[in-house]
Amino acid sequence: PANWLGGLDPRDQDLGCRFVVPGNSNANVSSAEETYHSTRYSLGIPEGVVDLPPGKCLPLESNLEYLNGVSFHKGCYVGQELTARTHHTGIMRKRLLTVYAENESEALPESGVELKNDEGKKVGQMRGSAGKWGLALVR
């Protein structure tokens, strides 16, 4: 329709298209929401405050340089010096990674739950999930 605005998702071509539609439109998108989030998590794409808590995450550990979310060639932005320095040293101590449940009947941990290795050492924190796919910040 003429009053819809949309285009390819700039983060990853596998996400398809995104649209902004008027609130009074008959678009039924609620049934596709779980599929969207599951696909997004399977591709490792964070979104919103659950996956990217304000003040608790950095652009590079959140993979934003791979999602057209960080430019190393233009302008000034908050955190640019730290982001550029981290990028050029090439050392990332933590990274947002895709996690999945091998068995569909198993639920992934809730957002904020600490992840531990076999020895009980903290190795990360769960961020968000949908279906069998999720994101976790892992050392």
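A charge sits over a ring if NZ of Lys or CZ of Arg is within 6 Å of the ring centre and within 35 degrees of the ring normal. Keep that rule at hand for the first exercise, and bear in mind that the model is predicted.

**Exercise 1. A charge and a ring**

Task: Find the ring that the charged end of R40 sits over, and give the distance from its centre.

Solution: Start at the charged end of R40 and look for the ring beneath; the ring belongs to Y41. The distance to the ring centre is 4.4 Å, and the rule asks for a value within 6 Å. R40 also appears in a network of salt bridges, together with D9, R11, R18, E47 and D51.

**Exercise 2. Salt bridges**

Task: State how many salt bridges the model has, then work through the pairs R18 with D9, E65 with R95 and K122 with E114.

Solution:
- Step 1. The cut-off is a side-chain nitrogen of Lys or Arg within 4 Å of a carboxyl oxygen of Asp or Glu. Under this rule there are eight salt bridges.
- Step 2. Between R18 and D9, the closest N and O atoms are 3.7 Å apart. D9 is buried at 5% relative accessible area, whereas R18 is partly exposed at 42%. Both residues belong to the network with R11, R40, E47 and D51.
- Step 3. For E65 and R95 the N to O distance is 3.3 Å. This bridge joins distant parts of the chain, 30 residues apart: E65 is in the loop between α2 (48-51) and α3 (80-89), while R95 is in strand β3 (residues 95-100). With a relative accessible area of 19%, E65 counts as buried, because the limit for that class is under 20%.
- Step 4. K122 and E114 meet at 3.8 Å, N to O. Here K122 is partly exposed at 35%, and E114 is partly exposed at 43%.

**Exercise 3. A buried arginine**

Task: R127 is buried yet has no salt bridge; which side chain of opposite charge is nearest, and which backbone oxygen does the R127 side chain reach?

Solution: First place the residue: R127 is in strand β5 (residues 122-130). Next, look for a partner of opposite charge. The nearest is E61, 4.7 Å away, and a salt bridge needs a nitrogen and an oxygen within 4 Å. Then turn to the backbone: the R127 side chain reaches the oxygen of D51 at 2.8 Å. Finally, list the surroundings. Leaving aside residues up to four places away in sequence, R127 touches several residues, among them V50, L52, P53, C57, L96 and L137.

**Exercise 4. Aromatic pairs**

Task: Say how many aromatic pairs there are and classify each one by its geometry.

Solution:
- Step 1. The count is two aromatic pairs.
- Step 2. W4 and F19 have centres 5.9 Å apart and planes at 65 degrees, an edge-to-face pair. W4 is in the segment before β1 (5-8) and F19 is in strand β2 (residues 17-20), 15 residues apart. W4 is partly exposed at 30%, but F19 is exposed at 53%.
- Step 3. For Y100 and W133 the centres are 5.4 Å apart and the planes stand at 40 degrees, so this pair is tilted. Y100 is in strand β3 and W133 in strand β6 (residues 133-138), so the pair ties together parts 33 residues apart in sequence. Y100 is partly exposed at 47%, and W133 is partly exposed at 23%.

Key
Residues numbered from 1 in each chain as written. Predicted model: local features only at pLDDT ≥ 70, side-chain atom pairs only at ≥ 80, totals over all residues. Heavy atoms only, no water. Buried < 20%, exposed > 50% of the residue type's maximum accessible area, 1.4 Å probe, protein only. Helix = DSSP H or I, 4+ residues; strand = E, 2+ residues; numbered from the N terminus. Lys, Arg positive; Asp, Glu negative; His and termini not counted. Polar contact = N/O pair within 3.5 Å; in protein donor to acceptor, adjacent residues only side chain to side chain. Contact = heavy atoms within 4.5 Å. Phe/Tyr/Trp six-rings, centres within 6.5 Å; stacked < 30°, edge-to-face > 60°.
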